[in-house]
Each structure stands twice: as C-alpha cells, then as structure tokens.
Amino acid sequence: MNENIELLEYIYQNAEMGSFTLTTLINELQDKENKIKKIVEDEIKEYEKYLKNSKTLIEQSKYDLRETGMMSKMGASMGIKKETRSDNSDAAIAHMIIEGLTMGVVDISTKIKNYKDVADKKVISLAEDFLKFQEDEIERLKDFL
C-alpha cells in the first residue's frame, strides 16, 4: 500500500468512526437538554465532509477501501451508552469527546510527520486540515469542562 492510500484510509476510518460515535452520542442525548448537542452536530457534519473527501481521493486511485470493522463500532457504541447513562453532563461528554480527539491528533500528527516528504501534497493538505479540525474542536469543547 502506498503512503497516499495509507494516509487517506486513516483519515477515512477516523472520520467514519468519529461520525458514527458522535451520531450514537446524539441519539443518546435526544431527550436531554444538553447545551453541547449543537457542537456535536457540527462535528458530525465536519467528520462527514472528511469522510467524503478522503473517499473521493481513494476512489480516484482505484483502491478498494477498507471500512471500519463492525466490532470496533459496536464496542464504541456500547462505551458511549454506558458513559452517558452514568453521567450525561456537558462536562462529562466534552471530556469523553476530547479524549477521542486527542488520540486522533496524536495519530494524524505522527502520520503527517512520517509521510510529509513522500505523500502527495493534496493528501498531506487534507491530513493537515483534518488535524486542525480536531485541534480546534478540542479547544471548543474545553469551554464545557
């Protein structure tokens, strides 16, 4: 697998998991009065944008995309449901999302550093935009802590 595909597939899978988990979270908060819901909905839209953009670039290279496994999604879904049932405060939700975003920031930063000299500039640019999105979301969510 070449570096472009590896990086694009990482962005795709991360965005797919982000969109899935946040959609699960929104569904859990459906009947609740959380102020954080608007930010979560905005994040879902952003993740879906990165999902679409990375998928388009992967398809242009005629590569068969590997999607996130159902077991990962089920585990994440069960974790979100468990966490929101024990504490669905905006602070607890922000903390949970920040933890996920922080893992994503560390992973994508490492990949950008490793591939910046060998991957296509368009792919690196998408990865850097994705990194900035995640960093910006962490800052937005800190207001809820």
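**Close-up views of a helical core and its pocket**

**View 1. Leu126 and its contacts from other parts of the chain.** Setting aside residues within four places in sequence, Leu126 is in contact (heavy atoms within 4.5 Å) with Leu8, Ile11, Tyr50, Asn53, Ser54 and Leu57. Before you look further, please note that this is a predicted model, in which local features need pLDDT of at least 70 and side-chain atom pairs count only at pLDDT 80 or more, while totals for chains, interfaces and linings use all residues. Residues are numbered from 1 along each chain as its sequence is written, and side-chain values use heavy atoms, with hydrogens and water left out. Leu126 belongs to helix H5; helices here are DSSP runs (H or I, at least four residues) numbered from the N terminus. With a relative accessible area of 8%, Leu126 is buried (buried means under 20% relative accessible area, with a 1.4 Å probe and protein chains only). Leu7 is 119 residues away from Leu126 along the chain, yet their C-alpha atoms are separated by 9.5 Å.

**View 2. Ser54, a contact of Leu126.** Ser54 sits in helix H2, and its relative accessibility of 0% makes it buried. Beyond its neighbours within four places in sequence, Ser54 is in contact with Leu8, Ile11, Tyr12 and Leu126. Leu8 and Ile11 also appear among the contacts of Leu126, which makes this view a handy companion to View 1.

**View 3. Helix H5 and what covers it.** H5 runs over residues 121-142. Its 22 residues reach 32 Å from the first C-alpha to the last, close to the 32 Å expected at 1.5 Å a residue (the expected span is 1.5 Å times one less than the number of residues). Which residues of H5 are buried? They are Val123, Ile124, Leu126, Ala127, Phe130, Leu131, Phe133, Gln134, Glu137, Ile138 and Leu141. The cover over these buried residues includes H1, H2 and H4.

**View 4. The aromatic cluster with Phe130 and Phe133.** Tyr47 and Tyr50 join Phe130 and Phe133 in one aromatic cluster. Rings of Phe, Tyr and Trp (its six-membered ring) pair if their centres lie within 6.5 Å; planes under 30 degrees apart count as stacked, over 60 as edge-to-face and the rest as tilted. By this rule the model has five aromatic pairs. In one of them, the ring centres of Phe130 and Phe133 are 6.2 Å apart and the planes meet at 35°, so this pair is tilted. Both residues lie in H5, three residues apart, or about one turn of the helix. An α-helix has 3.6 residues a turn, so residues three or four places apart point the same way. Phe130 and Phe133 are both buried.

**View 5. Gly104 beside Gln134.** Gly104 is part of helix H4 and is buried at 2% relative accessibility. Not counting residues up to four places away in sequence, Gly104 touches Tyr10, Asn14 and Gln134. Gln134 is 30 residues from Gly104 in sequence and 7.4 Å from it in space, C-alpha to C-alpha. Gln134 is itself one of the buried residues of H5.

**View 6. Thr24 and Leu25 in helix H1.** Here are two buried residues of H1: Thr24 has a relative accessible area of 9%, and Leu25 has a relative accessibility of 1%. Outside the four places on either side in sequence, Thr24 is in contact with Ser77, Ile80 and Lys81. With the same neighbours-in-sequence rule, Leu25 is in contact with Val40, Ile80, Thr84, Ile93, Met96 and Ile97.

**View 7. The largest pocket.** What volume does the largest pocket have? The value is about 580 Å³. On a 1 Å grid over the protein atoms alone, where a 1.4 Å probe fits, a pocket is an open set of points with protein on both sides within 12 Å along at least five of seven lines, and lining residues have an atom within 4 Å of a point. The volume is the space filled by probe spheres set on the points, which are joined across faces, edges and corners. The lining has 22 residues, and Met17, Thr21, Gly100, Leu101 and Met103 lie nearest the centre. Helices H1 (3-28), H2 (37-60), H3 (70-86) and H4 (90-115) are the elements that each give two or more residues to this lining. By class, the lining holds 11 nonpolar, eight polar and three charged residues (Ala, Val, Leu, Ile, Met, Phe, Trp, Tyr, Cys and Pro count as nonpolar, Asp, Glu, Lys and Arg as charged, and the others, Gly among them, as polar).

Key
Buried means under 20% relative accessible area, exposed over 50%, partly exposed in between (1.4 Å probe, protein chains only).
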